[in-house]
Amino acid sequence: MLRLLADGLGVPLQVLQPEAPPAAEPEPATQAETNDLDQARLVLSGHPAVDVLLSPREDFRPGTLNDLREAAERIWELTHTDRFAELSAALGPLMPRLERATRTAPEEYRPELHGLTARTYQALAAAFVRQNEADAAWVAADRAIREAELAGEPLGVFAGIYRLAHAFVRLKHLDQAEHATAMAVNALQRYVNDHEPTPQHLSVLGSLHLMLALAHARAGERSAARKQIEKARVVASRLGEDRNDFNLEFGPTNVEIQAVSTAVDLGDAGEALDIGEDLDASGLSVERQARLLMDLGRAHAQRRHFGEALNCLLKAEDMAPEMIRTHIASREVIRELMLVAGRSASDELRALADRADALG
């Protein structure tokens with residue numbers, strides 16, 4: 001437990017336990033460590049279409065537009081199911097095609113192409129956040145915001161800010177996350193107050209409230225986090241259904257999933273279990289369902305219900321293997337279960353820890 005605390009504080013174990021032996025020097029790696037999104041990172045490197053800058057042309061073929069629509073939709077499917085290796089491989093050829101198309105297509109096609117490019121960058125930002133590649137997520141979200149503006153999609157800009165704020169949270173730049181999100185919430189709330197909002201407006205507004213709740217929870221600001229959850233509940237009640245506008249999956253169910261996660265972040269395991277154990281998330285994506293199970297596992301671990309925690313994590317792994325094996329929160333709770341169990345750890349727990357590289 002002291003080692004977990006030291007890791008969380010970012011200090012050597014010897015600061016908390018002076019008599020502990022010094023950590024052994026890690027052995028040099030025999031090869032570079034790879035990541036499922038390494039190829040996707042290369043997509044973000046440099047200018048996306050330098051060849052077009054040198055040789056301006058208009059060679060876009062309208063017949064390819066439907067293929068680009070389907071490919072962009074496929075990227076979100078892979079993102080929601082946490083199939084990052086497939087996602088990375090698909091993005092390699094797709095992003096250059098989209099970027100060149102926005103520059104070479106006739107004006108009449110460009111708004112839609114910019115919109116497809118924005119949504120694809122948003123998917124990439126979401127995937128990078130889940131694999132703790134927050135610097136790349138920042139770049140992808142920033143490009144998504146610009147592309148949405150070029151597409152004439154104001155709500156796409158706000159959705160891009162939501163992705164950007166997630167990158168800031170993962171980087172622990174909580175002040176930036178709060179600043180960016182609060183500005184977006186204030187602007188969108190004024191619009192909603194003065195106009196008859198569409199369901200899309202409400203979906204984005206509610207998602208931004210959930211983003212603020214996350215930022216406040218990570219900062220330990222209990223009352224502020226709960227206030228944002230309640231505001232999101234009001235918006236969800238007004239919306240009246242679970243939707244997936246801009247792939248945000250906002251609605252009454254997702255608000256409660258985020259309420260579970262917020263309670264766990266604040267250390268309120270009992271509240272998290274009260275909200276989440278009877279929650280039916282079957283209508284949402286596999287990623288959302290697995291996230292709920294992961295957070296319930298974290299809550300059970302906080303309550304020292306180690307068997308229930310392992311059961312939740314194994315169920316989540318069945319749904320979204322890559323998420324459970326790579327997500328920071330998941331790996332932390334698996335490592336904690338291993339430390340508590342020690343030599344009495346079950347074969348199931350040891351195997352899960354091995355798959356998640358959480359034995360150390």
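Let me start with helix 10, residues 174–194, which has 21 residues and reaches 30 Å from its first C-alpha to its last, close to the 30 Å expected at 1.5 Å a residue. Please keep in mind throughout that this is a predicted model.

Which residues of helix 10 are buried? They are Ala177, Ala180, Thr181, Ala184, Val185, Leu188 and Val192, and because they cover an arc of only 130 degrees around the axis, they sit on the same side of helix 10. The general background is that an α-helix has 3.6 residues a turn, so residues three or four places apart point the same way. On the other side of helix 10, Asp175, His179, Met183, Arg190, Asn193 and Asp194 are exposed, while the buried residues pack against helix 9, helix 11 and helix 12, the last of these being residues 222–239.

Helix 11, residues 199–218, is where we find His216, a residue that is buried, with a relative accessible area of 7%. Leaving aside its neighbours within four places in sequence, His216 is in contact with Glu178, Glu221, Ala224, Ala225 and Gln228.

Now to the empty space: a search of the whole structure finds one cavity of 30 Å³ or more, and about 490 Å³ of space lies in it. Its lining is made up of 26 residues, of which Arg130, Tyr162, His166, Glu287 and Arg288 lie nearest the centre of the cavity. At least two lining residues come from each of helix 7, helix 9, helix 11, helix 13 and helix 15, with helix 9 giving the most, namely five residues. By type, the lining divides into nine nonpolar, eight polar and nine charged residues.

Key. Residues are numbered from 1 along each chain as its sequence is written. This is a predicted model: local features need pLDDT of at least 70, side-chain atom pairs count only at pLDDT 80 or more; totals for chains, interfaces and linings use all residues. Side-chain values use heavy atoms; hydrogens and water are left out. Helices (H or I, at least four residues) and strands (E, at least two) are DSSP runs, numbered from the N terminus. Buried means under 20% relative accessible area, exposed over 50%, partly exposed in between (1.4 Å probe, protein chains only). Contact means heavy atoms within 4.5 Å. On a 1 Å grid over the protein atoms alone, a cavity is a set of points where a 1.4 Å probe fits but cannot get out, and a pocket is an open set with protein on both sides within 12 Å along at least five of seven lines; lining residues have an atom within 4 Å of a point. Grid points are joined across faces, edges and corners, and a volume is the space filled by probe spheres set on the points. Ala, Val, Leu, Ile, Met, Phe, Trp, Tyr, Cys and Pro count as nonpolar, Asp, Glu, Lys and Arg as charged, and the others, Gly among them, as polar. The expected span of a helix is 1.5 Å times one less than its number of residues. The arc is that of the directions from the helix axis to the C-beta atoms.
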